[in-house]
Amino acid sequence: MLIKKTRSLCPTCGRVLDADIVEEEGKVWLVRTCPEHGTYRALYWSDAEMYRRFDAYERIGEGVSNPQKIASPAGCPNDCGVCQNHRSTTLLANIDLTNRCNLNCDFCFANARACGYVYEPTFDQIVGMLRMLREEKPVPVPAVQFSGGEPTMRDDLPELIRKAKELGLSQVQVATNGIRIAQEPDYARQLKEAGLSTVYLHFDGVTRETNSKLASDRRAIENCEKIGMGVVLVPTVIKGRNDHEVGAIIRYAAEHIKTIRGVNFQPVSFTGAASEDDVRKERITIPELAERIEEQTDGVIKKDYFYPVPCVVPISELVEAYTGKPQVTFTTHQHCGAATYVFVTEEGMVPVNKMIDVDAFFESVEKMGVKLAKGGSLNKYMTLVEGVKDLYGSTRKAEQKNTGEFIKLIGKALVMQNFEALREFHWNALFIGTMHFMDKYNYDLSRVQRCCIHYATPDGRLVPFCTYNSGPVYREQVWKAFAQPQKDE
């Protein structure tokens, strides 16, 4: 059964093709036919019911009002830069600081060791990229993640973090394998003092079989905990390799809630030299990941507790209506990712869904936003007060005693614009999310056009994550264009 039409790529030659998203036997497939290489079917989502539930949250944004590039007749994905056809603003920008790395992981997006050359932008080039992020309209980019290769191989990382904060980026993250943080106890302190917000730690499992650098990861987490540096665990999930440990990874995070703020699972994306056989054996979709989490947490975190990223758009719209200022809006494609929260208490993990009726909560927020948009300062205040009362309605089915306190905190944040209280709430909340980045097999151009995670490049462009790393693979073009002579390790 046809669900919708889109455009995709031939996985063999990269030609842009019309494609169908179809449902068959409870699964969702992406089907396209290349005149030269024939028909290719890729598993898109393994659960059609969950696919449709997420589809209901579709929110298409306005995009960037000062794009770097004008779209040519060739169209997407050949004009990334971003162009006027892009429908989302940048929520998080990645900047590759280097392609050098002290590991050699077979599933790496960057595949740095295989390049044979060094890509390492200068300090001034990186500052230029940061300035470009802050010039984006209608809303300057709020967050940057320094990535690579391994960003901690650059000795000027603290200075770059400091510069990013100076330029107004409120969230500065580092995506790292954690080796240097583990080996140099004072290094995490240097990064924190420079203004680092979060360490995104590549962490694939809780046993030596799934995580060869487990001892190093534990030391890195310990060193971060000593200085109060927040960590998000980032496991690359590969079916048959570590998908049996996703529940254990969440439990490990909960046990270290003092420093671990979340787990951001990344189902493997088949870049580089992956074969079709690898794809068939090792592909894991968002619904399958959610099923594994439910099974391995003994039903505490249910598959149905996950929501797509654009579910929070009403909150941005509410704040925008109240303040009159454009807000960062999460208009990511509804099938790119999923997330939920659990609260770590003395009794164990309590999902946010046990504290509030999440659907009713979002409905209340949306109603408030619509009323507020009608204007009038008294009307604004009264609408918020009424809306907060309405929010209490979303707790009627709650099973937890501290639900009322949670809603009070949200009410205080909305009515009084006091977001400090939410910081306390967030301290014991554990984010559990997943982003399934695309590869040439499951490439959907409608997802590319709604991407909100963009790479900044030295030539002044912003490139969506999934065209940077797969499809046209802009990463290779950028790295080669700005390559340096090989450095000694």
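**Exercise 1. Where does Thr12 lie, and between which two strands?**

Before you start, keep in mind that this is a predicted model.

*Solution.*
- Step 1: Find β1, residues 2-9, and β2, residues 16-24; Thr12 sits in the loop between them.
- Step 2: Look up the relative accessible area of Thr12, which is 56%. The cut-off for exposed is over 50%, so Thr12 counts as exposed.
- Step 3: Now hop along the chain to Glu36, which is 24 residues from Thr12 in sequence. In space, the C-alpha atoms of these two residues are 9.4 Å apart.

**Exercise 2. Find two residues other than glycine with a positive phi, and say whether each is buried or exposed.**

*Solution.*
- Step 1: Start with Glu25, whose phi is near 50°. You'll find Glu25 in the loop between β2 and β3, the latter being residues 27-34.
- Step 2: Check the surface of Glu25: the relative accessible area is 84%, so Glu25 is exposed.
- Step 3: Move on to Asp298, with a phi near 55°. Asp298 belongs to the loop between α9 (286-296) and β13 (307-308).
- Step 4: Asp298 has a relative accessibility of 71%, so Asp298 is exposed.

**Exercise 3. Locate a cis peptide bond that ends at Pro138 and one that ends at Gly149.**

*Solution.*
- Step 1: Go to Lys137 and Pro138, which are joined by a cis peptide bond with omega of about 10°. Pro138 is in the loop between α2 (123-134) and β7 (143-147).
- Step 2: Stay in that loop for a moment, since Pro140 lies between α2 and β7 too. The relative accessible area of Pro140 is 30%, so Pro140 is partly exposed.
- Step 3: Who touches Pro140? If you skip neighbours within four places in sequence, Pro140 is in contact with Leu133 and Arg134. Gln327 is 187 residues away along the chain, yet its C-alpha atom is 9.4 Å from that of Pro140.
- Step 4: Next, find Gly148 and Gly149, again joined by a cis peptide bond, here with omega of about 25°. Gly149 is in the loop between β7 and α3, which covers residues 157-166.

**Exercise 4. How many residues of helix α7 are buried, and which aromatic pair involves Tyr252?**

*Solution.*
- Step 1: Helix α7 runs over residues 246-255, and seven of its 10 residues are buried, leaving the helix mostly covered.
- Step 2: Name the buried ones: Val246, Gly247, Ile249, Ile250, Tyr252, Ala253 and Ala254.
- Step 3: Time for rings. The whole structure has 13 aromatic pairs. One of them is Phe203 with Tyr252: the ring centres are 5.3 Å apart and the planes are at 25°, a stacked pair. The cut-off for stacked is under 30 degrees.
- Step 4: Place both partners. Phe203 is in the loop between β9 (198-202) and α6 (214-227), while Tyr252 is in α7, so the pair ties together parts that are 49 residues apart in sequence. Both Phe203 and Tyr252 are buried.
- Step 5: For another look at rings, try Tyr44, Trp45, Tyr51 and Phe54, which ring pairs link into a cluster.

**Exercise 5. What is the angle between helices α10 and α11, and which residues meet?**

*Solution.*
- Step 1: Pick out α10 (residues 313-323) and α11 (residues 358-372); they pack at about 30°, with axes 8 Å apart.
- Step 2: Angles under 35 degrees count as roughly parallel, so α10 and α11 are roughly parallel to each other. The crossing of α10 past α11 is left-handed.
- Step 3: List the contact. From α10 come Pro314, Ile315, Leu318, Ala321 and Tyr322; from α11 come Phe361, Phe362, Val365, Glu366, Met368, Gly369 and Leu372.
- Step 4: Sort the residues of this α10 and α11 contact: 10 are nonpolar, one is polar and one is charged.

**Exercise 6. Which residues beyond its close sequence neighbours does Ile70 contact?**

*Solution.*
- Step 1: Find Ile70 in the loop between α1 (48-55) and β5 (92-96).
- Step 2: With a relative accessibility of 65%, Ile70 counts as exposed.
- Step 3: Set aside neighbours within four places in sequence, and the contacts of Ile70 are Cys83 and Gln84.
- Step 4: Check the spacing to Cys83: 13 residues along the chain, with 5.3 Å between the C-alpha atoms of Ile70 and Cys83.

Definitions and conventions: Residues numbered from 1 in each chain as written. Predicted model: local features only at pLDDT ≥ 70, side-chain atom pairs only at ≥ 80, totals over all residues. Heavy atoms only, no water. Helix = DSSP H or I, 4+ residues; strand = E, 2+ residues; numbered from the N terminus. Buried < 20%, exposed > 50% of the residue type's maximum accessible area, 1.4 Å probe, protein only. Axes fitted to C-alpha atoms, helices over the stretch in contact; angles between N-to-C directions. Parallel < 35°, antiparallel > 145°, perpendicular 65-115°, else oblique. Left-handed = near helix turned anticlockwise from the far one by under 90°. Contact = heavy atoms within 4.5 Å. Nonpolar A, V, L, I, M, F, W, Y, C, P; charged D, E, K, R; others polar. Phe/Tyr/Trp six-rings, centres within 6.5 Å; stacked < 30°, edge-to-face > 60°.
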